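Here is a walk through one protein chain, taken element by element. Keep the view open and rotate it as you read.

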Amino acid sequence: MLVMTETVQDYLKAIWMLDRSSDGNVTTSALAERLGVTAASATAMIKRLASVGLVRHEPYHGVSLTEAGTKAALEVIRHHRLLELYLMQALGLSWDEVHAEAERLEHHLSEALEERIDAALGHPTHDPHGDPIPTAALELADEDDRPLSELEHGAAAVIRRVPDGDPGLLRYLAELGFVPDERVVMLATAPFDGPLTIEVAGERHAISRELAARIRIGECA
């Protein structure tokens with residue numbers, strides 16, 4: 001029986017995150033890069049996870065989570081996102097600080113404390129960066145969103161999610177007003193992969209297409 005250590009949880013969460021952003025199974029090289037380990041270490045762990053039914057692994061075809069592996073990954077993600085919101089709302093940390101702190105705490109949150117935090121926050125559905133929080137039953141609704149880079153010229157949308165792993169980027173997005181639930185309008189798209197000019201909070205800003213592709217939007221209410 002494999003003990004659900006922090007390392008095991010990190011692997012399952014990383015596979016889940018990579019799977020959400022890819023079109024197929026997660027490759028060993030992508031997993032190793034995300035976790036900062038060697039390909040050999042990643043391969044060894046994948047074999048251990050497969051031996052206890054947490055992942056499916058076919059050599060040269062990548063790795064995917066089983067139902068049990070998905071539940072285990074979503075449990076950690078639920079802890080992480082609840083902690084982010086609690087640290088921001090209850091303790092006053094800024095949205096660029098909570099990710100790193102939640103990374104450290106997510107492995108040590110008891111089920112009883114998770115329930116108390118969830119109730120104290122009013123059973124929230126999203127974390128400070130707009131990512132959906134899995135329910136207590138570890139269910140996660142599909143998000144109907146798309147990249148900001150795909151917004152048509154002259155069209156309006158609402159920001160749903162922003163990338164949360166880079167504190168500097170989060171501070172920059174906050175300065176520009178690119179935060180969840182803020183309305184945006186695509187004003188101009190420069191040719192040859194040039195910048196996009198977007199109106200947000202009454203201000204015009206030019207941002208790169210690469211950054212716009214990492215910001216998720218939804219339809220205006």
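What follows goes from the helices to the sheet and then to the loops.

The model is a predicted one. Two packed helices are described by the angle between their axes and the distance between the axes. Start with helix H1, residues 6–20, and helix H3, residues 39–51. Their axes come within 11 Å and cross at roughly 95°. Angles of 65 to 115 degrees count as roughly perpendicular, so H1 is roughly perpendicular to H3. On the H1 side, the contact is made by Thr7, Val8, Tyr11, Leu12 and Ile15. H3 answers with Ser41, Ala42, Met45 and Leu49. By class, seven of these residues are nonpolar and two are polar. No charged residue takes part in the contact of H1 with H3.

H3 also meets helix H2, residues 28–35. Here the axes come within 9 Å and cross at roughly 110°. H2 and H3 are therefore roughly perpendicular to each other. Thr28, Leu31 and Ala32 make the contact from H2. From H3 come Ala39, Ala42, Thr43 and Ile46. The contact of H2 with H3 has five nonpolar and two polar residues, with no charged ones. Ala42 is worth finding in the view: it is listed in the contact with H1 and in the contact with H2.

Now move along the chain to helix H6, residues 111–120. Which of its residues are buried? They are Glu114, Ile117 and Asp118. Look down the axis of H6: the buried residues fall within an arc of 100°, so they line one face of the helix. The other side of H6 carries exposed residues, namely Ala112, Glu115, Arg116 and Ala120. What do the buried residues of H6 pack against? Their partner is helix H4, residues 67–89. After H6 comes Gly122, with a positive phi near 80°.

H4 also holds His80. His80 has a relative accessible area of 6%. Buried means under 20%, so His80 is buried. Leave aside residues up to four places away in sequence, and His80 touches Lys13, His99, Ala102, Glu103, Glu106 and Asp164.

Next, the sheet. Strands of a sheet pair through backbone hydrogen bonds, either parallel or antiparallel. This sheet is open and has six strands, in the order E3-E8-E4-E5-E6-E7. Its pairing is antiparallel. At the edges lie strand E3, residues 146–147, and strand E7, residues 203–207. Each of these edge strands pairs on one side only.

Take some of the pairs in turn. Strand E8, residues 216–218, pairs with E4 in the antiparallel sense over three bridges. Ile159 has Ile217 in E8 as its bridge partner. Strand E4, residues 156–161, also pairs with E5, again antiparallel and over three bridges. Two bridges can be located here. Val158 is matched with Arg183 in E5, and Ala156 with Val185 in E5.

E5 and E6 are antiparallel too, and five bridges join them. Val185 stands opposite Glu199 in E6. Val185 thus appears twice in the view: as the bridge partner of Ala156 and opposite Glu199. E5 and E6 form a hairpin, with six residues between them. Continue to E6 and E7, which pair in the antiparallel sense over five bridges. Thr197 has Ala206 in E7 as its bridge partner.

The loops come last. Most residues other than glycine have a negative phi, and most peptide bonds are trans. Which sign does phi take at Asp181, positive or negative? It is positive, near 80°, in a residue other than glycine. Asp181 sits in the loop between helix H7, residues 167–176, and strand E5, residues 183–189. Exposed means over 50%, so Asp181 counts as exposed at 63% relative accessibility.

The turn of the E5 and E6 hairpin has a positive phi at Phe192, about 55°. Asp193 has a positive phi of about 60°, although it is not a glycine. Asp193 is placed in the loop between E5 and strand E6, residues 196–200. With 68% relative accessibility, Asp193 counts as exposed.

Key:
Residues are numbered from 1 along each chain as its sequence is written. This is a predicted model: local features need pLDDT of at least 70, side-chain atom pairs count only at pLDDT 80 or more; totals for chains, interfaces and linings use all residues. Side-chain values use heavy atoms; hydrogens and water are left out. Axes are lines fitted to C-alpha atoms, for helices over the stretch in contact, and angles run from 0 to 180 degrees between N-to-C directions. Helices (H or I, at least four residues) and strands (E, at least two) are DSSP runs, numbered from the N terminus. Angles under 35 degrees count as roughly parallel, over 145 as roughly antiparallel, 65 to 115 as roughly perpendicular and the rest as oblique. Contact means heavy atoms within 4.5 Å. Ala, Val, Leu, Ile, Met, Phe, Trp, Tyr, Cys and Pro count as nonpolar, Asp, Glu, Lys and Arg as charged, and the others, Gly among them, as polar. Buried means under 20% relative accessible area, exposed over 50%, partly exposed in between (1.4 Å probe, protein chains only). The arc is that of the directions from the helix axis to the C-beta atoms. Two strands pair if DSSP finds at least two bridges between them.
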